[in-house]
Structure formats: structure tokens, C-alpha cells
Amino acid sequence: MKALNLYLDCGEREMDRAIEVVGKARSDMLTHTLIDFLMGERDGEPKDPNYIYRLYVSLGNYEQAASTSILIARQERELGNYKVAHFSLYQTMHEMENAEVKVPSELRRAFLLLHSYVLVKKQVKMGNHMNAAR
């Protein structure tokens, strides 16, 4: 608990180490403390949702990690960052497959939608409108 609090006092620059501590300890109390910090209950400022995603991955909670990844991708998509959203979902699917965990259909569906968009955009740029339509 002391190590986690010291990392949290350093702010976001030591967040990776705080996540590593919680991931290794696998303590519910430490997990809730870190989640409260990430949600902004400590200083009133919510942190980057990617930290929550990485926390769930380090804890092996891939179901929650997938849900968080979908939310992150949705936010990026709304901002117009389709490639970032696509890569985020791809990375999540890749990590789940490496861990031999079943990829949820909602995650796969969101990835396929963005993947199709990226492919169509490339085809249109090259002038292959028939391929883009397919």
C-alpha cells in the first residue's frame, strides 16, 4: 500500500509502476485505491482511460479490459481518430489471443467496423471505387 501511495503521489509519470505494483499484488484494496485515483476521486481530475485498460490487463481481467478498450475506441472514433481507435482494438484482440482468452463478439464487431472503414478509405484514395463499394 505504501509503494502504491508513493507512486500515486508522483502522479501520472509513475502510473506504469503503480499499475505494475497492483498487478503483482492482486489485492482488491490496492486495485480499488488505484481505480479511485484513476477516476479522479483523489484530486478531482479523471486520468487517461488507457491506464484503466492497462490495469485490467495486468490483473488478467480481460473481460473488463475489452469493455474499456471499446469505450476508448469509441471516444477516439468520435474525435475522428479512426486509426488510433483501430489500433487500440487490434492491440486488445492480439493480447487476448496471446493469453488464449476468447475475444468477445462486441470487441470483434467494433474492430471489424473500424477495419472496414480504414480499408475503404485507402481504396477510395487510390481511386478503386468498385473495391471500396464491395
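# A guided tour of an eight-helix chain

Of the 134 residues in the protein chain, 36% count as buried. The model under view is predicted.

**Whole chain.** Begin with the entire chain displayed as a cartoon. Its secondary structure consists of eight helices and zero strands, so that the order of elements from the N terminus reads α-α-α-α-α-α-α-α. Turn next to the overall dimensions: along the principal axes, the C-alpha trace spans about 60 × 30 × 20 Å. The radius of gyration of the protein chain is 18 Å, whereas a compact globule of 134 residues would have a value near 14 Å. Among contacts with a separation of 6 or more, 46% join residues 24 or more positions apart.

**Helices α3 and α4.** Select residues 28–39, which form helix α3, together with residues 49–59, which form helix α4. The axes of these two helices come within 10 Å and cross at roughly 165°. Because angles over 145 degrees count as roughly antiparallel, α3 is roughly antiparallel to α4. The crossing of this pair is left-handed. Now display the side chains at the contact. On α3, the residues to show are T31, L34, I35, L38 and M39; on α4, they are Y51, I52, L55, Y56 and L59. Colouring by class gives nine nonpolar residues, one polar residue and no charged residues in the contact of α3 with α4.

**Helices α5 and α6.** Move on to residues 62–78, helix α5, and residues 82–98, helix α6. Here the axes come within 8 Å and cross at roughly 170°, which makes α5 roughly antiparallel to α6. From α5, select Y62, A66, S69, I70, I72, A73, E76 and R77. These residues meet Y82, V84, A85, S88, L89, T92, E95 and M96 of α6. By class, the contact of α5 with α6 comprises ten nonpolar, three polar and three charged residues.

**V84.** Finally, centre the view on V84, a residue of helix α6. Is V84 buried or partly exposed? With a relative accessible area of 45%, V84 is partly exposed, since that category covers values between the 20% limit for buried and the 50% limit for exposed. V84 is also among the α6 residues that meet α5. To conclude, select the C-alpha atoms of V84 and I72: these residues are twelve apart along the chain, and the two atoms are separated by 9.6 Å. I72 is one of the α5 residues in the contact with α6.

Terms used. Residues numbered from 1 in each chain as written. Predicted model: local features only at pLDDT ≥ 70, side-chain atom pairs only at ≥ 80, totals over all residues. Heavy atoms only, no water. Axes fitted to C-alpha atoms, helices over the stretch in contact; angles between N-to-C directions. Helix = DSSP H or I, 4+ residues; strand = E, 2+ residues; numbered from the N terminus. Parallel < 35°, antiparallel > 145°, perpendicular 65-115°, else oblique. Left-handed = near helix turned anticlockwise from the far one by under 90°. Contact = heavy atoms within 4.5 Å. Nonpolar A, V, L, I, M, F, W, Y, C, P; charged D, E, K, R; others polar. Rg over C-alpha atoms; globule rule 2.2 N^0.38 Å. Buried < 20%, exposed > 50% of the residue type's maximum accessible area, 1.4 Å probe, protein only.
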